[in-house]
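Q: I would like a close look at a single part of this model, taken slowly and with the surrounding helices kept in view.

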Amino acid sequence: MAEFARLGLMLVLVVGGVAGLRVLHRLTAVRAAALVTGPFSGGGAPAEHAWSRFHARWYALTLVFLAFDVEMLFMYPWAVVVAEVGPAAVVEMFAFLGLLMCGVLYARREGVLAWA
Amino acid sequence: MGVRGARRGRGRLARRAAGCPHVLLVVCPGATGLRLETEAALAALGGVRALSPADADVLLVVGEPSAELRRAAEVTWSQLPGPRVRGVVAGPGRAEDVLRRLVPLLGSAEQEADAADRDDTAVPGPEGDPPGGLPMADRAEDRDGLTLDVLRVALGPVLPHWPAGLVVDTRLQGDVVQSATARVLRARAARGPSYWAPGPDASPDLRRGRCAASHLDALARLLSVTGWAGAASGAVALRDRLLAGEAHERVRADFRPWRRRVEGSRLLRWCTRDLGVLLPADARRLGVGGPAARAAPPHDVSARLRQWLVETDAVLGGAPPPDGGPRGEPAAAPSSALLGAAVELLPGRELAEARTVLASFDPDPDEPGAAPSVAAGAS
Amino acid sequence: MTVEAAPAWAALPVLAALLALASAAAVLDAASPGGTAGAAPRGPARAARPLAETARLLRQRRHTTAVRDGLLWQVGVAGPVVIAALMVAVVPFGGQVVADVPVGVVWFNAMDVCLWAVVWLAGWSPDSPYPLVGGYRYLAQALGYELPLMFALTAPAVAAGSLDVGTVVEAQDGLWFVVWMPVAFLVLLVGVAGFSLWGPLGAPGGGDVAGGVFAEASGVDRLLLLAGRYALLTAGAAMAVALFLGGGAGPWLPGWLWSLLKTLAVLGCLVVLRGRLPGVRPQTVVRLGWVVALPVVLLQVLAVSIVVVVEG
């Protein structure tokens, strides 16, 4: 666990650095308090809040992505043992990846990769 | 260190900081000549064009603003975080003086006083619904019949790489344009002929130079919008050399390798092909002339970009400009047609595509008779 | 070369090296044509620009929009630089590494996925249209480059039979992995450009949306975001050096210096390439990522695993 404590140490250091920079900025800026304005809308006033249910048109792609992402869970431990297990590991993994790639081809045909 | 040491440190910081001012330009319609001067002066002083008010130290109004543009400049000014200065480039030959006068003020101690005196321009209202006194986005059907939030966003008049004085009111779902209405802000004074089309009385050399420089200016805007700052700054440099009166042959010698680089970029072709297709029949119906109408099949952004490159090369080589102006015959108000064509193609495009399409037509709001308003898309 | 855990104080010089290399990238970026310095005349003044910019941003006041999520904004703004530091903690410099984590490759991957949230938050929290579009663009293009990047990371792990970055470096004794897995190396560099909003993959901070996720940031917020971008680029380059370019291996000079020099060289390539390539819209990134990069990098991993099995 000591290795992960080192990551914690790095986190503390860099977050401390960011905090230090913020304190320094309070001293060097023309004014410490932030200026509050409306959002930039080309010189006009915004008609409504930008926060909206943003239509992410690539939502179908996220599902295909998720399939591969879960696959990565197997891929990492597989990478460590592939040399030991031998040809069977390679065949099984790439048969699985081949199936997933068929899914990608299907998704492409359905227009998932071209959403505009 | 003590108070005095701290003050000295701040002074040094301020002087260093003033070495690279970020300048936001608010360009008025009819002020193309002034804009070009201002851009050249800015480059000579080592300034950078700001992309948004939060990024800017200097607000520069170029030309004589109408009431509407003055309001836009005022709103933008209130959004500069400070240190901030502003000025007006009202006439030819003044841009460099204005900048030289303004930039040192950024480092002055008065900036602290200005910051201390400022009130927030938008204070959030009492918590609750709607927060901040603004309504939330409304809903409407999208092209697939789903009911989704619609955001009304006005593109312009203050926006980087954008034609001066143009405003496109859009309705966005996500980042897809559902409908667009374009209008050109009125100029304060009656407009003369466009800077780019000096008229038949001008010398052939001047007309050719302006035509090529206009194409380079348009190319710089288009390349900036596609995110290729390196190539865009090349176009700007060539444009400024032409306008400074350098011999066309010499500019052409440097234009050629630049053209090869732009034309040879497979990535750029990938990103601009099949985008914003304007078929010849539609071009005729809309009255589009000039290079946009002469672009080869498949009449997309890629083809229009190439057409500019080809015509610039030809004109620099001594050929007479094909039309009276760089966008077509000035008498036919070609920019109205270009704007009409662009706006018709915007609905259904995402924001990046929409801006690329508009930049590939590059309507010039300076032209007298540019259409006051065009609309397209589902309402 | 063997890699072992460094003493705890090594975190400080490694963080300093990260920031120094990031500054070097900023200087190089300002000095190269088409870089951040715009049309400013060439010369020493141009290369000194990052210093002047830092001074400018330290003097500039912070700016926030009327209705914004302050806490999430802070997370989004500080996130990139924090994540870059956490990435570089598992990268060996010469024969030593700050955190000798047995799953360093996975850690690097996990950190770059955290960026999805962080950059999106920076875009979303100001309640402003252009940053919002920028934030969503980041997610869209991440869908394109992330999978090829993940598979590119596994190729060296397969060859070394370990997810420990130090072991991967040790496994390159004699032959650097870049020699027989060049595709994975290139795909990793594209992924690095992607998560750093860099060059052709800079659409989330593009000029067509007034600077996107950067549009509402000023003062120290902007300084952190920009520094974070260069730091991410540096962390990515450092990881590429460890996984593909033999880490600190090299003649005459000490290992840590080789690591630094190689990282600087990779960083230099990334910076110089930026001015030479046009921007790519997220949708095109997705298409290229799934149709071209993904199959190619899978074939690369297949080739690597066949070699590993045959050599036994």
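Which residues form a nonpolar patch on the surface, and what accessible area do they have together?

A: In this predicted model, the nonpolar patch on the surface is formed by Leu66(A), Val70(A), Leu73(A), Phe74(A), Phe96(A) and Leu99(A), which together have about 610 Å² of accessible area. Two helices of chain A, H2 (59–85) and H3 (87–109), each supply at least two residues of this patch, and H2(A) gives the most, with four residues.

One of the patch residues, Val70(A), can be followed in more detail: Val70(A) lies in helix H2 of chain A, and its relative accessible area is 42%, which means that Val70(A) is partly exposed, since that class runs between 20% and 50%. Helix H2 of chain A also holds Ala60(A), and Ala60(A) likewise counts as partly exposed because its relative accessibility is 30%. From Ala60(A) to Glu71(A), 11 residues apart along the chain, the C-alpha atoms are separated by 18 Å.

Turning from the patch to a contact between chains, helix H1 (residues 2–28) of chain A and helix H3 (residues 49–59) of chain C have axes that come within 8 Å and cross at roughly 75 degrees. H1(A) is therefore roughly perpendicular to H3(C), as angles of 65 to 115 degrees are counted that way. On the side of H1(A), Leu21(A), Leu24(A), His25(A) and Thr28(A) take part, and they meet Leu57(C), Leu58(C) and Arg59(C) in H3(C).

Note on methods:
Residues are numbered from 1 along each chain as its sequence is written. Chains are lettered from A and ligands numbered from 1 in the order in which they are written. This is a predicted model: local features need pLDDT of at least 70, side-chain atom pairs count only at pLDDT 80 or more; totals for chains, interfaces and linings use all residues. Side-chain values use heavy atoms; hydrogens and water are left out. Patches are made of residues with over 30% relative accessible area and no salt bridge: like charges are joined within 9 Å, nonpolar side chains (Val, Leu, Ile, Met, Phe, Trp, Tyr) within 5 Å. Accessible areas come from the Shrake-Rupley method with a 1.4 Å probe; for residues, only the protein chains shown count as cover. A salt bridge is a side-chain nitrogen of Lys or Arg within 4 Å of a carboxyl oxygen of Asp or Glu. Buried means under 20% relative accessible area, exposed over 50%, partly exposed in between (1.4 Å probe, protein chains only). Axes are lines fitted to C-alpha atoms, for helices over the stretch in contact, and angles run from 0 to 180 degrees between N-to-C directions. Angles under 35 degrees count as roughly parallel, over 145 as roughly antiparallel, 65 to 115 as roughly perpendicular and the rest as oblique. Contact means heavy atoms within 4.5 Å.
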